[in-house]
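Student: I would like a close look at a single part of this structure. Pick one helix, start at its end, and then place it in the rest of the fold.

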Protein chains: 2
Amino acid sequence: MMETHFRSAVCGEVNENKVGQTVKLAGWADSRRDLGGVIFVDLRDRSGKVQVVFNEKIVGSEFPIAEKIRDEYVLNVEGVVQERTPETVNPKMETGKVEVMVNHITILDTSATPPIYVKDDDKSGENVRLKYRYLDLRKPKNQKILMTRAKVASIVRNYLNEHGFCEIETPVLGKTTPEGARDFLVPSRVQKGKFFGLPQSPQLFKQILMISGMDRYYQLAKCFRDEDLRQDRQPEFTQIDMEMSFVTKDDILPIMEEMIAKIFKEVRGIELERPFLRMTWREAMDRFGSDKPDMRFGLELNDLSDILKDSSFNVFSDAIKRGGSVRAIIAKDAQGKLSKKALKNLEKYAKIYKAKGLAWIDVKDDESQMKTPILKFISEEEKQAIYDRLGAEEGDYIFMVADTDQIACTAMGQLRLELARRLKIDVSNQFKFLWVIDFPLLEYDEEQGRYVAVHHPFTAPLDEDIPLLETAPEKVRSDAYDMVVNGVELGGGSIRIHNGDIQEKMFKALNLSEETVQTQFGFLMEALKYGTPPHGGLAFGFDRLIMMLMDIDNIRDVIAFPKTQNHSDLMTEAPADAGLDQLIDLGISVDEDIV
Amino acid sequence: MMETHFRSAVCGEVNENKVGQTVKLAGWADSRRDLGGVIFVDLRDRSGKVQVVFNEKIVGSEFPIAEKIRDEYVLNVEGVVQERTPETVNPKMETGKVEVMVNHITILDTSATPPIYVKDDDKSGENVRLKYRYLDLRKPKNQKILMTRAKVASIVRNYLNEHGFCEIETPVLGKTTPEGARDFLVPSRVQKGKFFGLPQSPQLFKQILMISGMDRYYQLAKCFRDEDLRQDRQPEFTQIDMEMSFVTKDDILPIMEEMIAKIFKEVRGIELERPFLRMTWREAMDRFGSDKPDMRFGLELNDLSDILKDSSFNVFSDAIKRGGSVRAIIAKDAQGKLSKKALKNLEKYAKIYKAKGLAWIDVKDDESQMKTPILKFISEEEKQAIYDRLGAEEGDYIFMVADTDQIACTAMGQLRLELARRLKIDVSNQFKFLWVIDFPLLEYDEEQGRYVAVHHPFTAPLDEDIPLLETAPEKVRSDAYDMVVNGVELGGGSIRIHNGDIQEKMFKALNLSEETVQTQFGFLMEALKYGTPPHGGLAFGFDRLIMMLMDIDNIRDVIAFPKTQNHSDLMTEAPADAGLDQLIDLGISVDEDIV
């Protein structure tokens with residue numbers, strides 16, 4: 001399949017079965033050992049490496065060519081595959097039982113000394129690796145990432161094709177929308193003074209495709225967000241984006257589970273248990289203090305509010321009386337594993353997430369326990385009720401935060417993750433999938449002084465909550481769902497509003513002016529007049545999926561040509577200055593205080 | 001596969017095999033006939049249509065719901081499939097032998113009266129169709145286009161995956177390059193005053209991927225060109241883009257032929273003859289006056305220069321003496337088919353392509369032929385030599401142009417196409433594929449006063465022509481190849497320069513300053529230092545391929561959400577005004593004379 005004018009086989013395939021055969025190979029010189037009269041080179045291509053041998057007695061007049069070979073030279077060799085002598089077998093190489101005794105050698109291209117070490121254990125800094133990305137990508141581990149990425153794309157596409165999804169390309173030159181993250185803008189030359197926006201997602205187009213009767217759509221879509229980058233974000237990223245008509249959540253979720261299971265099976269050889277657990281957002285917050293619970297370990301949250309609501313300790317009882325709660329985690333048998341300093345640091349950690357403090361109890365049977373400050377403030381009955389509730393035993397720690405529900409849950413949720421790290425709970429090789437469902441539809445944004453959509457304004461409310469849209473918007477649950485694995489949101493979606501009247505109510509709940517609605521979503525409101533099927537969909541973060549599959553922490557490692565935190569491509573040196581003539585053509589200027 | 005909560009089958013599948021079964025269907029009301037007490041509706045989804053019947057006696061209390069149905073209402077019905085009576089069978093419908101007697105009906109959504117007629121024979125203007133694209137896309141023929149497009153994408157991907165190509169995404173936010181067509185620019189917010197360019201093609205990235213050792217790459221890549229639109233162009237379009245390492249042209253061409261043959265087989269059921277003919281650019285110009293010859297018919301060009309070089313008719317002999325030629329086409333038996341007025345129009349047509357005039361002879365056996373003006377000027381021997389060369393007989397027309405080779409060939413090439421149209425030569429249902437090879441590498445650009453690349457500056461010269469790069473650049477042939485079918489260039493590519501020295505010579509031949517080379521292509525020149533494999537590739541116009549496969553003339557018909565000639569998306573009303581805050585964020589202003 002890979003044979004060409006330059007090769008009869010690829011390096012990684014040259015094994016015992018080929019002994020005695022003449023092969024023609026092409027690739028890069030990966031390492032070179034000159035023993036005088038005999039030169040050994042590991043020849044590398046995408047498929048792997050094989051040792052090729054230049055023996056002066058065999059390669060004859062071409063031996064001086066072999067002497068010129070240096071690392072990363074591109075070679076074309078022809079020779080005979082032979083078994084290595086037992087003492088020279090290299091068990092670390094897949095082709096380590098054989099070598100190729102070369103008859104003919106051509107140097108196809110030379111190489112200067114590479115500025116990075118072209119091996120998996122290279123320790124070069126990321127900036128130099130990105131500047132010389134073409135050398136970085138020669139490392140087997142990086143080639144494997146890109147090949148796995150391609151394999152997953154192929155599994156996804158074939159799966160969705162088989163399930164009646166139609167791959168449809170939506171525009172990259174789109175409409176700029178002020179809602180949500182910042183758009184990248186593209187000035188129009190033909191309509192000077194106007195701008196396209198690069199899509200943050202194909203959300204409206206995919207809904208329009210459902211209104212178009214396309215029934216099932218998907219796309220591996222490039223999306224763009226002009227954000228200040230965190231470790232796990234890129235200005236352009238890829239989504240597995242899909243939408244289905246005539247469905248409820250119960251139609252969508254199993255299809256998506258099966259797809260993800262197929263990917264994990266084919267790439268990791270892991271059988272995922274299905275159906276995935278479904279958990280309401282409320283339960284996820286109550287038990288894990290997170291809308292993306294990491295279920296690889298326990299340390300679940302407990303609500304102690306009923307026990308402590310009348311406590312004489314005002315920090316607890318006041319928080320509860322104001323409508324908040326006291327949330328606790330018991331860390332079994334943790335006393336030997338967390339120093340006093342660690343406890344202090346845990347409190348600091350909880351405070352990052354807005355907790356005012358962190359109360360803790362070291363459960364002991366003797367009097368020394370009474371040194372725990374908190375125990376001075378709560379009654380013996382309260383203590384006992386807490387112990388009973390949590391099943392506390394000597395050697396355990398109990399941690400507590402009293403605050404609004406939101407803060408108490410979130411801070412304890414974060415504390416839970418930090419505890420797991422500090423207790424070194426083994427979470428390796430586990431994939432705990434679940435769906436989080438029934439999210440709040442809206443949340444109040446203090447800054448804007450209005451409700452904003454937790455997902456986006458096209459998410460359908462649960463049918464039974466529709467009446468609350470006008471009376472108690474904060475209580476409305478959405479028919480949204482996130483697929484979560486190991487504390488990471490892998491994808492999310494919802495059933496969409498397919499009725500113009502409800503969409504209008506939603507815009508009203510968001511307090512959007514009619515003008516804003518008309519300018520931004522006028523075409524959707526118009527489209528909703530002409531017969532819209534019930535529909536819903538989902539998008540997976542493709543980059544994140546690859547990271548999860550391959551245990552990779554840095555999103556830049558799963559993208560062929562990533563950008564740095566300041567949006568630079570260090571290899572091509574983009575972004576760059578534009579020509580004045582280009583700007584004049586577009587009718588724009590760079591503001592003077594920048595130049 | 002398509003079953004959901006709302007349906008047990010899709011409309012197009014409800015046939016004789018389902019008679020007696022209860023089915024649940026969902027779709028759009030496509031037409032409605034109320035016979036009083038019985039209402040017939042064609043229910044439509046992506047798969048097709050089926051007639052559903054609401055009989056007051058059967059649907060009972062739900063009949064008033066059925067009475068409300070209007071066109072494009074979204075319905076959910078449950079009923080029993082039954083055979084139609086013989087006299088009501090509709091042979092035009094695939095499901096025309098059956099109908100569904102409805103028990104239950106739900107209106108899922110209503111519809112206002114659509115502004116276009118949602119049928120294949122709708123005659124609405126293109127602008128209203130694009131504004132209501134979601135209604136336009138409900139037409140079966142348009143859904144078929146998008147589904148075929150998806151099918152071809154799937155064939156391409158599976159084929160390339162099987163042949164060792166790795167799908168890799170290259171950046172959309174790229175580097176702006178001043179060569180070639182105009183870039184779309186994207187102002188950077190993080191690096192104010194700088195700009196990304198949207199890629200016109202992933203050319204340099206795919207070469208970098210070969211230098212990275214990825215061996216075989218492909219991508220269905222979105223590409224962008226900020227041009228004034230012709231009928232067959234869009235500001236964003238899709239390329240099937242690929243590149244291979246360790247190959248010559250003889251490796252690449254058969255793989256691409258097989259892929260295209262597979263597509264034509266699976267979509268059109270046509271077996272293409274392989275291998276495709278290969279024709280040098282020179283031969284294509286000499287025989288067809290075009291670098292993309294339409295080989296569905298003859299009317300080939302002939303060079304009469306040897307016969308006419310000493311003619312006393314100076315228009316001919318002077319052109320030849322200046323290094324040009326006289327090119328002729330014989331249109332057999334055409335005298336009855338072309339009026340005197342048509343001949344005049346043909347001359348006008350040739351003049352569009354810079355011919356100074358068009359000479360013609362109506363071949364007759366009698367004296368009346370002497371009315372042909374041209375015959376007064378050439379000798380009897382010259383006439384006879386021309387007749388012998390062309391095999392002229394009574395009833396034929398001979399057309400001639402004398403000019404530089406370039407103008408004479410091009411004008412006659414265009415005349416050839418026009419003649420075929422006027423002579424109504426049947427070209428239907430033929431696909432005549434060929435490769436045009438050995439293009440000129442460079443052409444002199446009078447305006448810029450320098451040579452420019454015919455393809456792009458990374459195209460390799462033929463090995464044997466490399467010495468000419470410095471001495472006679474216009475004579476250098478490139479190792480480029482275009483796949484041509486029926487006069488349309490479907491794709492093109494080349495073997496690339498893989499050696500830094502030759503790349504430098506190329507930039508010199510193009511008279512690019514060192515600074516320009518450094519700024520624009522510095523990273524490529526740097527990459528070429530570290531061991532580059534011989535490589536080459538190709539890109540097909542995906543939109544154009546679909547047009548060719550489906551006999552569609554308008555590129556907008558094969559794109560889900562196309563833009564108009566002034567780059568507008570009429571549905572979303574993009575491009576649009578940007579907010580002042582967005583522009584301030586980006587550090588740019590719209591020039592005042594525009595506002």
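**The end of helix 17, and what surrounds it**

Tutor: Start at A:D551, which takes a positive phi of about 55 degrees just after helix 17 of chain A. Keep in mind that this is a predicted model.

Now step back into the helix itself. Helix 17 of chain A covers residues 542–550, and 7 of its 9 residues are buried, so the rest of the structure largely encloses it. The buried set starts with A:F542 and A:D543. It goes on with A:L545, A:I546, A:M547, A:M548 and A:L549. Note that A:D543, an aspartate, is in that buried set.

Which helix crosses helix 17 of chain A at roughly 115 degrees? It is helix 5 of chain A, residues 140–162, and the two axes come within 11 Å. The crossing of these two helices is right-handed. From helix 5 of chain A, the contact takes A:K144, A:I145, A:T148, A:R149, A:V152 and A:A153. From helix 17 of chain A come A:F542, A:D543, A:L545, A:I546, A:L549 and A:M550. Look at the spacing of these residues on your screen. Residues three or four places apart in an α-helix point the same way, because there are 3.6 residues a turn. By class, this contact has 8 nonpolar, 1 polar and 3 charged residues. Several names now appear twice. A:F542, A:D543, A:L545, A:I546 and A:L549 are buried, and these residues also help make the contact with helix 5 of chain A.

For a second helix pair, go to chain B. Helix 11 of chain B (residues 340–352) and helix 13 of chain B (residues 405–422) have axes that come within 9 Å and cross at roughly 145 degrees. Helix 11 of chain B also passes its partner, helix 13 of chain B, in a right-handed crossing. On the helix 11 side of chain B, the contact uses B:A342, B:N345, B:L346, B:Y349 and B:A350. On the helix 13 side of chain B, B:A411, B:Q414, B:L415, B:E418, B:L419, B:R421 and B:R422 take part. The class count for this contact is 7 nonpolar, 2 polar and 3 charged residues.

Next, the cysteines. How many disulfides does the structure hold over all chains? The count is 0. Take A:C11: the closest cysteine sulfur is in B:C166, 17 Å away, which is too far for a bond. A:C11 is also buried, at 0% relative accessibility. For B:C11, the closest cysteine sulfur is in A:C166, again 17 Å away and too far for a bond. B:C11 is buried too, with a relative accessible area of 0%.

One annotated residue is worth a stop. An unreviewed UniProt entry lists A:E179, A:R225, A:H455 and A:R496 under "binding site". A:H455 sits in the loop between strand 18 (450–453) and helix 14 (468–471) of chain A. Is A:H455 buried or partly exposed? A:H455 counts as partly exposed, at 29% relative accessibility. Leaving out residues up to four places away in sequence, A:H455 touches A:F439, A:A480 and A:D482.

Finally, the setting. Chain A comes to 18 helices and 22 strands. Of its 595 residues, 59% count as buried. The C-alpha trace of chain A spans about 95 × 75 × 55 Å along its principal axes. Among contacts in chain A between residues at least 6 apart in sequence, 68% join residues at least 24 apart.

Methods
Residues are numbered from 1 along each chain as its sequence is written. Chains are lettered from A and ligands numbered from 1 in the order in which they are written. This is a predicted model: local features need pLDDT of at least 70, side-chain atom pairs count only at pLDDT 80 or more; totals for chains, interfaces and linings use all residues. Side-chain values use heavy atoms; hydrogens and water are left out. A disulfide is a pair of cysteine sulfur atoms within 2.5 Å. Buried means under 20% relative accessible area, exposed over 50%, partly exposed in between (1.4 Å probe, protein chains only). Helices (H or I, at least four residues) and strands (E, at least two) are DSSP runs, numbered from the N terminus. Axes are lines fitted to C-alpha atoms, for helices over the stretch in contact, and angles run from 0 to 180 degrees between N-to-C directions. A crossing is left-handed if the near helix is turned anticlockwise from the far one by less than a right angle, and right-handed if clockwise. Contact means heavy atoms within 4.5 Å. Ala, Val, Leu, Ile, Met, Phe, Trp, Tyr, Cys and Pro count as nonpolar, Asp, Glu, Lys and Arg as charged, and the others, Gly among them, as polar. UniProt positions are given in the numbering used here, feature names are shortened, and annotations may be inferred rather than shown by experiment.
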